[in-house]
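Visitor: I should like to go through a model with you. Could we begin once it is on the screen?

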Amino acid sequence: MPQPLSSKENSLFRQVIRNYEEKQYKRGLKAAEQILKKNPKHGDTLAMKALIINSMGKTDDAFALAKEALTADMKSHICWHVYGLLYRHQKNFEEAIKAYKFALKLEPGSPQIQRDLAFLQIQMRDYQGYIQSRTAMLQAKSQLRQNWTALAVAHHLAGDLAQAEKVLTTYEESLKSPPSHTDYENSEALMYKNSIIAETGDYQRALDHLESISKHNLDRLAVLELRAEYLAKLGRKDEAVKAYHALLDRNSEHPEYYNQLADVMGVDGSDTSAREAIYKEYAEKYPRCDAARRLPLDFLSGDEFREAAKSYLALMLDKGVPSTFANLKHLYTDPFKKETLESLAHDYVKAKGSQPEDEAPTEGDLKGTPAGLYYLAQHYNYHLSRDLAKALEFVDKGLELVPQNVEFHMTKARIWKHYGNTRKAAEIMDQARNLDLKDRYINTKTAKYQLRNNETAKALKTMSLFTRNDSPGGPLSDLVDMQSIWYLTEDGEASVRNGLIGLALKRFHAVYNVFDVWQEDQFDFHSFSLRKGQIRAYVDMIRWEDKLREHPFYTRAALGAIAAYLGIHDSKLSTNGVNGSANGTVEDEAEKKKALKKAKKEAQKAEREAAEQAAKQDPNKPRPATSDNAKKDDDPIGLKLAATSQPLVEATKFLLPILQFSPKNIDGQVAGFEVYIRREKYLLALRCLNAALAIDAANPIVHEQAVRFHQEINSKLASLPPKVAEVIKSEFTAIAASTDLKKYNAEFLAKHKDSAPHVVSAVKIQKLLGEDQKTCEKALFGVLSLKSADWEPAAEALGLLLQWRSSEAEAFKTAAQETWPEVTMFSPAPPPPATS
């Protein structure tokens, strides 16, 4: 039985709750201790104390205390509610829901418990449970509009559109007086109801409803766009044409409006004259409109394209618009348009060169001749029209005219990047940064190039120019707090190249955690969006969150983490060697140890500088974080992460979201095969292999995996369960069971003998199938004789030779340097800077 409290202690208990809500944890703890001195088995106070110490970071102690509170008072809704809150903090949502439901049985009328349960149900996408909770909340407080709206959202997300519409209609009919015309919540609710009607496919009713609410609706643009869309879908073309004209008069730069207008006007895709007339009308009506001049270039051809492109290009270059090439490069998939734009740019520069200059170009100015040279430099640097020597020539000509122009320096850095000279690219990008020290973009770009050159310390120093450096952990801590995913990913990849696998995993896990935070951030919006009436945006957010991890940022970081864990598994590294490189030479191992030592020193230096900065801070100023409330990182360079005893389990954690949300990503399927084949989960490995084959059967890595799978299954088939063996036999059709793998690989090599990546893959399979190493080494040298600007297959071949501990590795590197003299990877390391 619960111990009854005196009036004084009841007052203290209310103070405990208030202190917790106001985050005054020490005061709350003190008040709770006062109560527990006289009532040591008071369940509610024990529960509140557990909640407070959990907020202070002592989670294990909090759970122990919460269990003690439940033992003391099993029938206290507060104890069960707190127990649920602790599980929610641990992200164990299933157990939290169970605890909330138990608390609700004990106190059915508690709005706070009901609300917390509802938020967890929508977070877990338990739509039926969410409907029940929202129905109960509506019955308790039917006068609140947000309760009606929330129930409608619950039915909508559960797929019951009719019931969602009925709930909204019922509330509207219950109103005794119409809402104000300036009531934003009402305006949004009406537009949300309209979107539900449209989702049912009844566009006539959706249009009628829209017409009835349009006069006083506050979202004028949405009304106009939806009206045009409904009219088009209903086939009322004349009215739809007027609607799209009205939208274009409102915003003539919107490309989709032009496409929709052409569709409702019935203009055939092949009738370029009629389509061009639409754009000409708006180009004349709005002389400053860019879209009306640029978009016709997508469908015009021949002389018509040449004339339109000449006019547009001259206009943009005369104005000095830096994004001109970015606006036109999508046209380069058409060879005629690519050649025409190149010719026009040359003609423009030639014409400008023959004209007498009234005045020299202003520093940093990109108008006229410099603009033309800038366009041509980008043209020859682009992968569909790449000629890096010419690109460099035009950049140098531009820099002669405007030596202080940031764009030319940035383009020059990009050119050296495409040469493979990351060292020079980083140096030139840093020169560009020094031309405009107040520009955050160029500062960020410089740091990125420094990371690509594996200069992690220098990159962090560059980033620190625009970060808050007074917090514990310095600039890196701020970048993590600001969720700078690009930096964390690039730094992780640079750490892999530097041999610091633990540090790389630290960065990749930081990215994984950022996506977890985004997932958890929904909690705030389940309440906020309904309270503010932002229903359409809320539903969009819920649907976006459902496919959050299909984002390329996640995929890239996850693939990096998977590759690192596969390397740890393959090399079976011990705790003392976790930052080494598998199959490296003795010299390589020495370099890795040196890099690890350097990383430790840098981490210690960052901590020391942060402590010094904190010591210098004015004690009268508020401090953003102190050593008391800032959580100390006990694994700053990821040694514990890299020392995991289950690297494949960790890799699977990163892998599953890729396979679920990005099934068409071939790199994800390739990674899935590598993980599952090592875990001996052959059916899952086969599923990934078949998916990769369906995406690109000619992919060289997929060829490797198919041969490896065939070889593995032939040796293991007898030991597999009969049903598994039967499924594999029926589903693995890429290579017949009786195929001679050596002959199969030779045919693959003959078919793709002019493709360096395919040659490298075929040689790897030759080695796997028992071919003599000398023969394989000789075949890898053949990659150098293939005339290709792509040096990356040669880099992979060099990596294989090092992995095989081949005596030919240095000879290959020297030959590669002769073929690609600018590539940093094949060049000797620069001498250390001279010391005075």
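Guide: We shall discuss a residue, a cavity and a helix pair in turn. This is a predicted model, in which local features need pLDDT of at least 70 and side-chain atom pairs count only at pLDDT 80 or more, while totals for chains, interfaces and linings use all residues. Residues are numbered from 1 along each chain as its sequence is written, and side-chain values use heavy atoms, with hydrogens and water left out.

Visitor: Where does Asn 381 lie?
Guide: Asn 381 is in helix H21, residues 369-381; helices are DSSP runs (H or I, at least four residues), numbered from the N terminus.

Visitor: Is Asn 381 buried or exposed?
Guide: Asn 381 is buried, at 7% relative accessible area; buried means under 20%, with a 1.4 Å probe and protein chains only.

Visitor: Which residues is Asn 381 in contact with?
Guide: Leaving aside neighbours within four places in sequence, its contacts (heavy atoms within 4.5 Å) include Arg 386, Leu 388 and His 418.

Visitor: Turning to helix packing, at what angle do H14 and H16 pack?
Guide: Helix H14 (residues 237-250) and helix H16 (residues 272-285) pack at about 40 degrees, with axes 11 Å apart. Axes are lines fitted to C-alpha atoms over the stretch in contact, and angles run from 0 to 180 degrees between N-to-C directions.

Visitor: Which residues make that contact?
Guide: His 245, Leu 248 and Asp 249 of H14 meet Glu 281, Tyr 282 and Lys 285 of H16.

Notes
Helix = DSSP H or I, 4+ residues; strand = E, 2+ residues; numbered from the N terminus. Buried < 20%, exposed > 50% of the residue type's maximum accessible area, 1.4 Å probe, protein only.
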